[in-house]
Amino acid sequence: MKPLVVVEAGPDAVEDARGELAALGWSVTTEPRAGDVLELTVDDEAAAVDAVLSAVAGQGLLVEATADRPVVDRLCDDLRRLGHLDHRVAPGAVLTQEQHALLALLAGGESLGAAAARLHLSRRSADRRLAGARAVLGAGSTPAAIAAWQRRLARLPRPG
């Protein structure tokens, strides 16, 4: 199953979704290729039709939806008929690519010091990055942040 993600929360939320897909092993591209997730902007009816046709052909999608409400609603309805749709509408806190990388290492069992070294960061920079991720995820501890991050990733299908 390929991911179908529609974002109406701006470029930061699109970047967050891109980071989550990458953390799961998906390659996100602006050119349709088998096995990849196609990133595109839907700003009108024609672009929405193109997106749905791509999904029908089996392409995973990461859509930044900027079209009028009725167009986006129809797009989402059509995509839901094809599979699970991750529709992100509320602008909210997003994780940076760097925070995703740090959380991935911590979730894999690395200590914060070891993760900092692998990412070529000082321990203090890693601490700040982790504190930012905890704030975004609303987590009071590192284990809670890792769990919240993993729940976010679990909403999206994996490649293969």
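Which residue stands opposite Leu62 in E4? Glu39 does: this residue stands opposite Leu62 in E4. Keep in mind as you explore that this is a predicted model. At its heart for this tour is an open sheet of five strands, in the order E2-E3-E4-E1-E5, with parallel pairing. Let's walk through the strands, then the helices, and then three individual residues.

**The sheet**

- Look for E2 and E5 first, since these are the edge strands, and each of them pairs on one side only.
- Strand E3 covers residues 37-42 and pairs with E4 in the parallel sense, over six bridges.
- To get from E3 to E4, the chain passes through helix H2 (residues 45-56), and this β-α-β crossover is right-handed.
- Strand E1 (residues 4-7) also pairs with E4 in the parallel sense, here over four bridges.
- Within E4, Leu62 has Val5 standing opposite, and Glu39 stands opposite Leu62 as well.
- E4 itself spans residues 60-65 and is mostly covered, with five of its six residues buried.
- E1 and E5 run parallel and are joined by four bridges.
- One pair to find here is Val7 and its bridge partner in E5, Arg88.
- A handy rule for looking at any sheet is that, in a regular strand, the side chains alternate between the two faces.

**Helices that pack on the sheet**

- H1 touches E1, E2, E3, E4 and E5 as it packs on the sheet, and its direction makes about 165° with that of E4.
- H2 packs on the sheet too, touching E1, E3 and E4, and its direction makes about 165° with that of E3.

**A closer look at H1**

- Helix H1 runs over residues 11-23, which is 13 residues.
- From its first C-alpha to its last, H1 reaches 18 Å, close to the 18 Å expected at 1.5 Å a residue.
- Its buried residues are Ala13, Val14, Asp16, Ala17, Gly19, Glu20 and Leu21.
- Just after H1 comes Gly25, which takes a positive phi of about 105°.

**H2 beside H3**

- H2 packs with helix H3 (residues 69-80) at an angle of about 10°, and their axes are 10 Å apart.
- Angles under 35 degrees count as roughly parallel, and H2 and H3 are therefore roughly parallel to each other.
- On the H2 side, the contact is made by Glu45, Ala48, Ala51, Val52 and Ala55.
- On the H3 side, the contact is made by Val71, Arg74, Leu75, Asp78 and Leu79.

**H4 and its neighbours**

- Helix H4 (residues 97-107) and H6 pack at an angle of about 95°, with their axes 9 Å apart.
- That angle makes H4 roughly perpendicular to H6.
- Where the two helices meet, H4 offers Glu98, Gln99, Leu102, Leu103 and Leu106.
- H6 meets them with Ala126, Arg129, Leu130, Gly132, Ala133 and Leu137.
- Buried residues in H4 are Gln99, His100, Leu102, Leu103, Leu105 and Leu106.
- These buried residues of H4 pack against H1, H5, H6 and helix H7 (142-154).
- Just after H4, Gly109 takes a positive phi of about 105°.

**Three residues to click on**

- Thr29 lies in strand E2 (residues 28-29).
- Buried or exposed? Thr29 counts as buried, at 10% relative accessibility, because buried means under 20%.
- Leaving out residues up to four places away in sequence, Thr29 touches Asp36, Val37, Leu38 and Glu39.
- His84 lies in the loop between H3 and strand E5 (85-88).
- With a relative accessible area of 43%, His84 is partly exposed.
- Not counting residues up to four places away in sequence, His84 touches Met1, Leu4 and Arg155.
- The C-alpha atoms of His84 and Thr66 are separated by 21 Å, and these residues are 18 residues apart along the chain.
- His120 lies in the loop between helix H5 (112-118) and helix H6 (123-137).
- His120 is exposed, with a relative accessible area of 74%.
- Most residues other than glycine have a negative phi.
- His120 has a positive phi of about 60° although it is not a glycine.

Key: Residues are numbered from 1 along each chain as its sequence is written. This is a predicted model: local features need pLDDT of at least 70, side-chain atom pairs count only at pLDDT 80 or more; totals for chains, interfaces and linings use all residues. Side-chain values use heavy atoms; hydrogens and water are left out. The expected span of a helix is 1.5 Å times one less than its number of residues. Buried means under 20% relative accessible area, exposed over 50%, partly exposed in between (1.4 Å probe, protein chains only). Two strands pair if DSSP finds at least two bridges between them. A crossover is right-handed if, with the strands pointing away from the viewer, the path from the first strand over the helix to the second runs clockwise. Axes are lines fitted to C-alpha atoms, for helices over the stretch in contact, and angles run from 0 to 180 degrees between N-to-C directions. Angles under 35 degrees count as roughly parallel, over 145 as roughly antiparallel, 65 to 115 as roughly perpendicular and the rest as oblique. Contact means heavy atoms within 4.5 Å.
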